Amino acid sequence: MTSHALPSYLNPDDLGPWGQYLQQVDRVTPHLGNLARWVETLKRPKRILTVDVPIERDDGTVAHFEGYRVQHNLSRGPGKGGVRFHQDVTLSEVMALSAWMSVKNAAVNVPYGGAKGGIRVDPSKLSKGELQRLTRRYTSEISMLIGPTKDIPAPDVNTNEQVMAWMMDSYAMIEGNLSTGVVTGKPISLGGSLGRREATGRGVFVVGQEAAQRRGVAIAGAKIAIQGFGNVGGIAATIFADAGAKIVAVQDHTGTVLREGGLDVAQLHAYVAEAGGVKGFPGADATLERDAFWDVESDILIPAALERQITADVAQRLRTKIILEGANGPTTPEADDILGDKDVLVVPDVLANAGGVTVSYFEWVQDFSSFFWTEDEINARLTRIMQNAFGAVWTVAQEKKVSLRTATFIVACTRILQAREVRGLYP
């Protein structure tokens with residue numbers, strides 16, 4: 001890995017996800033031409049806010065949680081990126097996620113920069129009232145950074161439309177006026193967009209279709225394995241199954257279920273809603289050990305859980321043709337190289353899961369105009385944007401003989417740095 005000038009607040013011996021992102025930037029730099037003089041811009045977040053989030057617990061005690069909001073790059077527009085509540089959230093992780101949002105937004109050419117937020121908390125250990133107080137206090141602590149023309153949060157891991165409603169209301173109380181565009185992923189009744197909840201999973205399906213077509217894999221009858229059965233993996237499973245694919249394996253935090261003939265996705269959704277996870281699903285032929293998921297043979301693999309799941313060791317074992325990264329950062333750079341050598345086509349997160357932010361953009365536009373589109377209109381526009389983005393990236397990958405990840409970074413980083421160069425430095 002190239003030596004980088006690192007900020008003092010990171011551990012150089014363990015850079016975490018930020019180190020993974022830096023390696024990706026190193027790979028794209030030789031392809032940036034004269035814009036490479038600006039590449040250090042990509043290696044430094046524009047703004048980092050770390051906050052203390054105190055709340056009063058239901059038992060009267062006061063608990064403190066660590067929160068973050070990172071704005072990586074705002075050259076192309078206001079910051080855009082989710083807020084996650086997870087006990088293992090780190091600053092390095094939020095920095096990397098904000099940077100990947102910069103790349104993702106530029107890759108599909110929506111007019112946003114990249115941002116991300118998070119709180120180090122296990123939300124399952126909070127009551128609904130405590131979760132609301134945590135959300136509102138966090139919103140107040142980051143309120144000087146966010147706004148409909150400054151930085152627009154959205155749902156992420158362990159956050160949802162209810163959390164967005166609390167954030168929007170808190171911001172309205174602070175500002176003294178209602179601004180629905182301050183967050184996206186809101187309930188429909190508060191200016192949310194039709195199709196937003198399904199958007200990331202639908203985007204995974206659209207780019208999956210494009211990748212499968214170019215690799216000669218028919219979606220009808222294709223065997224698909226999915227890690228993660230939440231808002232991304234679960235929706236993608238439904239859409240792929242409706243298109244005739246066989247969902248042969250699903251893994252979530254509770255376990256792994258397998259059925260060679262294809263799981264009944266509708267029944268699995270109903271079971272998960274009751275049981276809280278896939279473990280014990282009666283419609284499966286077998287329950288696998290957690291690590292055995294990676295040995296399941298498939299045509300398409302969809303990692304839609306957390307970061308750094310496909311390591312070099314896992315990549316050696318995989319028996320699949322196409323990987324669609326529904327999660328952020330699920331594949332390490334070392335694993336990327338191995339998969340390239342094995343001729344496995346990896347559609348990177350910054351392209352594959354960009355459907356969510358694309359429809360968030362639609363929601364933001366609809367909120368500004370107070371004119372709302374039909375779900376068919378939204379899905380058609382999403383499909384067109386994702387297809388065009390995939391086509392542009394595929395062309396660059398073929399011309400420069402690089403992976404789709406590097407090609408996506410070439411397209412996106414060129415757009416970001418062109419904006420940086422044209423705007424210049426102030427003062």
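**Two sheets and a set of crossing helices**

Strand 1 and strand 2 (residues 62-73) run antiparallel to each other and are joined over 10 bridges. Within this pair, Ile48 sits opposite Val70 of strand 2. Both strands belong to an open sheet of five, ordered 1-2-4-3-5, with mixed pairing. Its edges are strand 1 (47-56) and strand 5 (151-155), each of which pairs on one side only. On average, neighbouring strands here are turned by 20° against each other, leaving direction aside. As background, strands of a sheet pair through backbone hydrogen bonds, in either a parallel or an antiparallel fashion.

Stepping back to the whole chain, this is a predicted model, and it holds 13 helices and 12 strands. The C-alpha atoms take up a box of roughly 55 × 55 × 50 Å along the principal axes. The radius of gyration is 21 Å, which agrees with the value near 22 Å for a compact globule, because that is what 427 residues would give.

The other sheet to look at is an open one of seven strands, in the order 9-8-7-6-10-11-12, and its pairing is mixed. Strand 9 (286-288) and strand 12 (345-347) are the edge strands, each pairing on one side only. Neighbouring strands in this seven-stranded sheet are turned by 20° against each other on average, again with direction ignored. In the sheet order, strand 6 is followed by strand 10. Strand 6 (residues 223-227) and strand 10 (residues 300-303) pair in the parallel sense, over four bridges. One of the residue pairs involved is Ile224 with its bridge partner Ile300 in strand 10.

Now for the helices. Two packed helices are described by the angle and the distance between their axes. Helix 11 takes part in two such packings, with helix 5 and with helix 12. The axes of helix 5 (residues 196-215) and helix 11 come within 7 Å and cross at roughly 145°, and the crossing is right-handed. On the helix 5 side, Arg196, Ala199, Thr200 and Gly203 do the touching, while helix 11 brings Gly355, Gly356, Val359, Ser360 and Glu363. By character, the residues of this contact split into two nonpolar, five polar and two charged.

On to the second packing, where helix 11 (residues 355-369) and helix 12 (residues 375-400) have axes that come within 10 Å and cross at roughly 130°. That angle makes helix 11 oblique to helix 12. This crossing, too, is right-handed. Here Gly355, Thr358, Val359, Phe362 and Gln366 of helix 11 meet Ile378, Arg381, Leu382, Ile385 and Met386 of helix 12. The contact comprises six nonpolar, three polar and one charged residue. Gly355 and Val359 turn up in the contact with helix 5 and again in the one with helix 12.

Two backbone details round things off. Most residues other than glycine have a negative phi, and most peptide bonds are trans. Arg308 has a positive phi of about 55° although it is not a glycine; Arg308 lies in the loop between strand 10 and helix 8 (312-317). The peptide bond joining Tyr426 and Pro427 is cis, with omega about 0°, and Pro427 is in the segment after helix 13 (404-423).

Terms used: Residues are numbered from 1 along each chain as its sequence is written. This is a predicted model: local features need pLDDT of at least 70, side-chain atom pairs count only at pLDDT 80 or more; totals for chains, interfaces and linings use all residues. Side-chain values use heavy atoms; hydrogens and water are left out. Axes are lines fitted to C-alpha atoms, for helices over the stretch in contact, and angles run from 0 to 180 degrees between N-to-C directions. Angles under 35 degrees count as roughly parallel, over 145 as roughly antiparallel, 65 to 115 as roughly perpendicular and the rest as oblique. A crossing is left-handed if the near helix is turned anticlockwise from the far one by less than a right angle, and right-handed if clockwise. Contact means heavy atoms within 4.5 Å. Ala, Val, Leu, Ile, Met, Phe, Trp, Tyr, Cys and Pro count as nonpolar, Asp, Glu, Lys and Arg as charged, and the others, Gly among them, as polar. Two strands pair if DSSP finds at least two bridges between them. The radius of gyration is taken over C-alpha atoms; the globule rule is 2.2 Å times the number of residues to the power 0.38.
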